[in-house]
Structures are given as structure tokens and as C-alpha cells.
Amino acid sequence: MNPLLYEINTRCWLRELSERSGKTVTLPNVPQSEFVVWQRLGFTHIWLMGVWQTGPRSCAQSLAQLETRHACRELLPDFTDADIAGSPYAIADYQASPALGGEAALEIFREQLHAHGLKLILDFVANHVGLDHRWVTERPELFVQSPGETAGFFRQPTRRGTYWLAHGRDPYYPPWADTVQLDYRIPATHRAMIDQLTSVTRQCDGVRCDMAMLLLNEVFARTWADFPRSNAVPVHEFWADVISYIKRVSPEFLFMAEGYWDLEARLQSLGFDYTYNKRLYDHLVHREHAEVQRNLLQAGPGFVNSSVHFLENHDEPRIASLLTLPEHRAAALATFGLPGMRLLHEGQLTGATKRVSVHLGRRPVEPIQPDIAAFYERLLQVLKTTSVGKGRGVMLNPSPAWTGNPTAQYFVIVQWQSAPPEFDLVVVNLAPHPSQCYAPLRIAGLADRNWQLTNLLGDEQYQRSGDDLARAGLYLDVPAQGAQLFHFQPIL
């Protein structure tokens, strides 16, 4: 089963549920209608983004960031400082925030998910902690340090003396001033974070690991080479150690990595079930249509099957603000039709266009775009009736329809089968013009039968000879940004 994941901005979502119902809604009293909708649409996992406790020091840093305040004012004309709740990625404690109901409330919510056949994904931020985390004062040795005042570091008094501790950072961007950088060159940090993640696994069914590539030994060594540790010793890769440890106890626990810089395959090799497929996203939103197919085929089925395919998340602009409706429909079927994890972001299903800062606890209420909402409703309902995401998915490499016709390169074609002899075929032409190709079907006994093809997203029906399909493949002539889902069944 290929997961279908729904990301929710927990703080904003609960606030809006409260406003609509006229009473305070926290995790234990989320309306049953929410669970019913997720189940009806075919989701398998719910990612609650922003569950963990933050603190006043980190929140004060959010308030002090002029760029953040400017973005919030543009989004909310009536913005006040009270709207900034602090970054959910500057974690003070891996316990559910009291404002959301606390630890017991999270467990009740998880039980409700399980009762509806859904599982819970939460964030794990291994690279750093928030300024309010108790380790900052109790265990300063776990963090990257400087012998004196240095840019990107802050002065931290403790009972054992004063330390200069590093803010967390990505080597290509300024430090995150609301965080403290853990030092993965020392075994004590490994042990502490393995214990921390072990406690998280008791509260959910999987984790989305923030900026996972930053912890790779070679990346970490380069990032912090100017601040060596005298007590550093060679250590194993953290992710290999922690994932193997957790999987021995909980084999079904899911690990998803936010990862970039072409290090995704490396993260998969260390045990991650799924890693972000940012390259696919970039090709789609930049309209690099031929690169989509080329990259997926070159990456190979192992990589694609272990990738997270998405059109938006909390870090990216809203897809409805980037693509036209025909482009949006084609890109959506291309991402949903691939093997691997499929990720949808709250607001994507209704055509939201405004990206919301993770620092905010409130967001603007946007009108539903009826065409987009209707498309997603139909697509998700149709997918539930097919083998897409449930059976074995194989990406096909189309061949030119005739010599000199280059348009085969613009297709994404995926064959799915779970209950032979019937099967399904996802067909997407990403180009802004009609395209033609032959799709080489890979179905056992294809030539032994004749077939009826029904486009489940349209009204076309065809009949084809199995001999012809086996010999030449399926001929396709698809309109600009065409998105088709064919169900094949034998003609008796």
C-alpha cells in the first residue's frame, strides 16, 4: 500500500474549527466529521504539523525577525504580535502543546485516527532544538560551541559556566536564531537523540524528519569544520543507528525524510522509508516537462517507490498560485499516479493561494475555488476504486508515435495492477500541446485477450486487440495537459 498523506497546520486548523463551532476545539474533541472526510477521500496517514511545545525565548526571536513580521502583515491585514506563535521547528519539548490539549489529548486523537483506519505522522527535528529546551542549560555539552563571541552563536550562562552555543543552520542560509545546534560529532548527542526519538515513537505511527540531510556525517563535518570538538570521535551515521534501533522494536514505524541536494538516495540507503522528491516538484512547477519523465526513468523504480511526491507543503508556495487549472490537474495526476508516498497539503484541495508562515497561529480564510475542489474530490474518489497506490505500479517508457515526433518525452505513464487480469493506466501529457506515443504495456497474458478501456476521468471507451497491444503497445493521442486514467478489463 502506497501511503496517501495529508499535512495539517495543527494550530491554525484547530483555531478555525473553534471559530466555526463557537467553542474551543482541541485534539480530543475534533469533530467526527473531520475523520470521516479523511477516510472518505482515501487518506492513509495524517501529518499534524506543529504539535510539540515551543517556548517564550524562541517565540521572542520570531517576533524580532523583521522579515517574518513583514510577511505576516502582508498575509493578515489585521496582524498583531499575538498572531505569532513561534516556529513549530524550534521545539522546547517533545510533548504535545497544552494549547492543543496536551499529551493525553494527542493519544485520544490518535485513537480516533486508528478507529477510522488512519495513522498519525508527527515531526522530528534532529538537527537542533529550540532555545527553551532544557538541554540548553542542563546539557550544554551536546551543542556546537565556540570559545568566544562569534557570529551565529549566543551566550548561554549555565551552572557549570558560560558557553557560546551555535544556532542551528543550513550551510547555505543564515542561522535560525530561535534554535540551538546539536553536535553530532560526539556520541553523547547520538545517545540523547535516540532516546528522544524513542519517546516520540510511543506517541505516533511515523515521523517526518526535518532537514534530515544535515545530519549526514560528511555534511555535518563540512558545515561545522571551523568549530572542531576536541572530544569528537568517529561515529556511525545517526540515521542508520536510530532507524535500525526503532525498527527492531516497531517494524511498521514509518520514517520520512525532508532531504535535498541529491542526497535523497543516500538517506534511503540508511533506512528511510520515504524521502522528499523535490526534483520532481521543481520540474513540474518550472514547466520542465521533458525533464519530469527523464528524471523519473533515470532515478529508477527503487528510488521512485521510496519517494514522497508532492505539489506543495508548508515550505513551498501554493500550487494554485503557480499553475493554471489544466496544468494543476495534469501535475496532480502525475504525482498521485506514481508509486511511493503521495503528499497533499491542507488547502491544496480547495485551491488556496496564500502560503502561511509556520510562525503564525492564525491564517486568512480563503474562498474555495469550485473547479479545483471538484477536481480533487473526483480524482480522490476515482483513485479509491482503482489499483493506483494499492497494487504494483510500474512507470512505462513510451516510444515515439512516428519518426520525427518528439512528443513522447512529455508523458508520465504508470501501469498499476492489484487483481489480475484487470489493470489501470495513468496517462498524463504535461505539454501545452497535444502529444502522441506508444505505451509498452507490461501485463502477463496481454495478448491472450481483447480489452475494453474506460477513461475513469472522462467519458471515453475503447476496445483494443490484445495482440496489437502486446506487439506495438497502446497508441495514445492526448490533448494538451491531458490527464487520463484508463481501466482495462478483458472482453469476455
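## Overall form and strand pairing of a predicted chain

A hairpin links strand β8 to strand β9 by way of 2 residues. The model that shows this hairpin is predicted.

The two arms of the hairpin, β8 (residues 153–158) and β9, run antiparallel and are joined by 6 bridges. One facing pair here is Thr 158 with Gly 161 of β9. Strand β9, which covers residues 161–166, also pairs with β7 (residues 145–146); these strands are antiparallel and share 2 bridges. In that pairing Ser 146 lies opposite Trp 164 of β9.

Another part of the chain holds an open sheet. Which strands make it up, and in what order? The open sheet has 3 strands in the order β17-β20-β23, and the pairing is antiparallel. Its edges are formed by β17 (399–400) and β23 (474–478), each of which pairs on one side only. Strand β20, residues 435–439, is paired with β17 in the antiparallel sense over 2 bridges. Within this pairing, Pro 400 has Cys 437 of β20 as its bridge partner.

The strand pairs described with their bridges are set out below.

| Strand pair | Sense | Bridges |
|---|---|---|
| β7 and β9 | antiparallel | 2 bridges |
| β8 and β9 | antiparallel | 6 bridges |
| β17 and β20 | antiparallel | 2 bridges |

These strands belong to a protein chain with 16 helices and 24 strands. How does the radius of gyration of the protein chain agree with that of a compact globule? For 492 residues, a compact globule would have a radius of gyration near 23 Å, and the protein chain has 24 Å, so the value agrees with that form. The C-alpha trace spans about 80 × 55 × 40 Å along the principal axes of the protein chain.

Burial and contacts add to this picture. Of the 492 residues in the protein chain, 58% are buried. Among contacts with a separation of 6 or more, 75% are between residues 24 or more positions apart.

The surface and the charges can be described in the same way. The protein chain exposes about 20300 Å², and 51% of that area comes from carbon and sulfur atoms. How many charged side chains of each sign are there? The protein chain has 44 positive and 52 negative side chains. The centres of these two sets lie 3 Å apart.

Definitions and conventions:
Residues numbered from 1 in each chain as written. Predicted model: local features only at pLDDT ≥ 70, side-chain atom pairs only at ≥ 80, totals over all residues. Heavy atoms only, no water. Helix = DSSP H or I, 4+ residues; strand = E, 2+ residues; numbered from the N terminus. Rg over C-alpha atoms; globule rule 2.2 N^0.38 Å. Buried < 20%, exposed > 50% of the residue type's maximum accessible area, 1.4 Å probe, protein only. Contact = heavy atoms within 4.5 Å. Areas by Shrake-Rupley, 256 points an atom, 1.4 Å probe, with all protein chains shown as cover. Lys, Arg positive; Asp, Glu negative; His and termini not counted. Charge placed at Lys NZ, Arg CZ, Asp CG, Glu CD. Pairing = 2+ DSSP bridges.
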